[in-house]
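The following note is intended for a colleague who has not yet examined this structure. Please read the numbered points with the sequence and the model at hand.

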Amino acid sequence: MIVSGPSGAGKDTLIEKLRELEPDMAYGVSVTTRTRRDYEVDGVHYRFTTRDAFQLMATGGEFVETREYAGNFYGTPRRLVDEALAQGRDLILKPEVNGARAIKSLYSEAVLVFLMAPSSRELLRRLEERHADTPGDIDRRLSIAREEEEALSQFDYRIVNDALPAALQDLRAILAAERLRVSRLPAARDAGAAARVQQ
Ligand code: 5GP
């Protein structure tokens with residue numbers, strides 16, 4: 001499951017809560033060249049690295065997708081996705097919108113959830129409240145958010161994150177419904193994997 005949408009919409013908090021309730025889900029820790037924020041732990045929130053090391057990993061084919069976002073690089077490690085698929089575990093990722101689309105084009109079974117704040121004023125308030133970005137960064141994130149909302153039609157679901165408990169309930173409802181899909185029954189999943197190997 002891919003939870004995407006503008007920075008500041010609340011992806012991190014929502015995913016953190018979901019993981020507490022769904023401990024068996026695999027979570028994809030991305031790699032980034034962004035500076036670590038005070039509250040972030042290397043290896044938990046992201047794997048923080050240098051631009052050179054990131055480039056080396058990218059040319060070595062270690063990412064499913066990479067993006068430059070507000071001047072920094074972000075990438076989804078291929079190993080995480082491969083391991084979760086091999087184990088038949090649900091995987092949760094939180095790329096920005098272009099990364100979400102890239103993953104869907106590679107893994108058609110990926111479920112794309114667009115998380116948005118109830119208004120642009122509220123998005124600004126949340127970005128300012130976390131005291132993590134400079135005013136210039138916040139401006140960049142807001143203008144990227146406007147572009148990202150244009151991609152909404154390419155997503156499977158949309159959640160408006162007005163209050164966390166309701167957003168969490170929505171996300172769990174999506175997860176529950178997706179787990180009941182006939183195409184996700186073990187036999188169907190094995191057939192899908194076999195078809196991929198033959199391609
Ligand atoms: P932040 O700097 O706020 O942690 O992240 C900036 C944006 O990059 C957010 O929208 C976040 O969801 C996104 N992001 C985090 N990891 C990845 C990744 O591996 N790939 C892509 N494409 N975006 C990511």
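Which residue caps the N-terminal end of α4?

1. The residue in question is Glu96: one of its side-chain oxygens lies 3.1 Å from the backbone nitrogen of Asn98, and Glu96 thereby caps the N-terminal end of α4. It should be kept in mind that the model is a predicted one.

2. Helix α4 spans residues 97-106, and its buried residues are Val97, Gly99, Ala100 and Ile103. Seen down the axis of α4, these buried residues fall within an arc of 160°, so they line one face of the helix. Their packing partners are β1, β5, β6, β8 and α6.

3. Helix α1 invites a parallel reading. Its buried residues are Lys11, Leu14, Ile15 and Leu18. They lie on the same side of α1, because the arc they cover around the axis is only 95°. As a general point, an α-helix has 3.6 residues a turn, so residues three or four places apart point the same way. The elements against which the buried residues of α1 pack are β1 (2-4), β2 (26-27), β7 (91-92), β8 and α7.

4. The largest nonpolar core comprises 19 residues, and those with the most contacts inside it are Met1, Val3, Leu18, Ile92, Val113, Ile159 and Leu171. At least two residues of this core come from each of α1 (11-21), β8 (112-116) and α7 (164-179). The greatest contribution is that of α7, with 5 residues. A second, separate core has 17 residues, among them Val64, Ala100, Ile103 and Phe155. In soluble globular proteins, nonpolar side chains tend to be buried together.

5. Ile159 merits separate inspection. Not counting residues up to four places away in sequence, Ile159 touches Val113, Phe114, Leu115 and Met116, and also Ala167, Asp170, Leu171 and Ile174.

6. The ligand is surrounded by 18 residues, of which the closest are Arg34, Tyr46, Tyr74, Lys94 and Arg141. An N or O atom in the side chain of Tyr74 is 2.5 Å from an oxygen atom of the ligand. Gly75 places a backbone N or O atom 3.1 Å from a ligand oxygen, and a polar side-chain atom of Thr76 lies 3.3 Å from an oxygen atom of the ligand. Of the 510 Å² that the ligand exposes when taken alone, the protein buries 98%.

7. Is Arg37 buried or exposed? Arg37 is buried, because its relative accessible area is 7%, under the 20% cut-off. This residue lies in the loop between β3 (31-32) and β4 (47-48). The side chain of Arg37 is joined to that of Asp133 by a polar contact of 3.3 Å. Leaving aside neighbours within four places in sequence, Arg37 is in contact with Arg130, Ala132, Asp133 and Arg141.

8. Two further loop residues should be checked. Ala70, in the loop between β5 (63-69) and β6 (72-77), has a phi near 50°, a positive value in a residue other than glycine. Most residues other than glycine have a negative phi. Ala70 is buried, with a relative accessible area of 14%. Glu150, in the loop between α6 (135-149) and β9 (157-160), is exposed, with a relative accessible area of 68%. The C-alpha atom of Glu150 is separated by 9.8 Å from that of Val97, although the two residues are 53 residues apart along the chain.

Conventions
Residues are numbered from 1 along each chain as its sequence is written. This is a predicted model: local features need pLDDT of at least 70, side-chain atom pairs count only at pLDDT 80 or more; totals for chains, interfaces and linings use all residues. Side-chain values use heavy atoms; hydrogens and water are left out. A nonpolar core is a set of buried Ala, Val, Leu, Ile, Met, Phe, Trp, Tyr and Cys residues joined through side-chain atoms within 4.5 Å. Buried means under 20% relative accessible area, exposed over 50%, partly exposed in between (1.4 Å probe, protein chains only). Helices (H or I, at least four residues) and strands (E, at least two) are DSSP runs, numbered from the N terminus. Contact means heavy atoms within 4.5 Å. The arc is that of the directions from the helix axis to the C-beta atoms. A residue is near a molecule or strand if one of its heavy atoms lies within 4 Å of it. A polar contact is a pair of N or O atoms within 3.5 Å; within protein, one must be able to donate a hydrogen and the other to accept it, and residues adjacent in sequence count only if both atoms are side-chain atoms. Accessible areas come from the Shrake-Rupley method with a 1.4 Å probe; for residues, only the protein chains shown count as cover.
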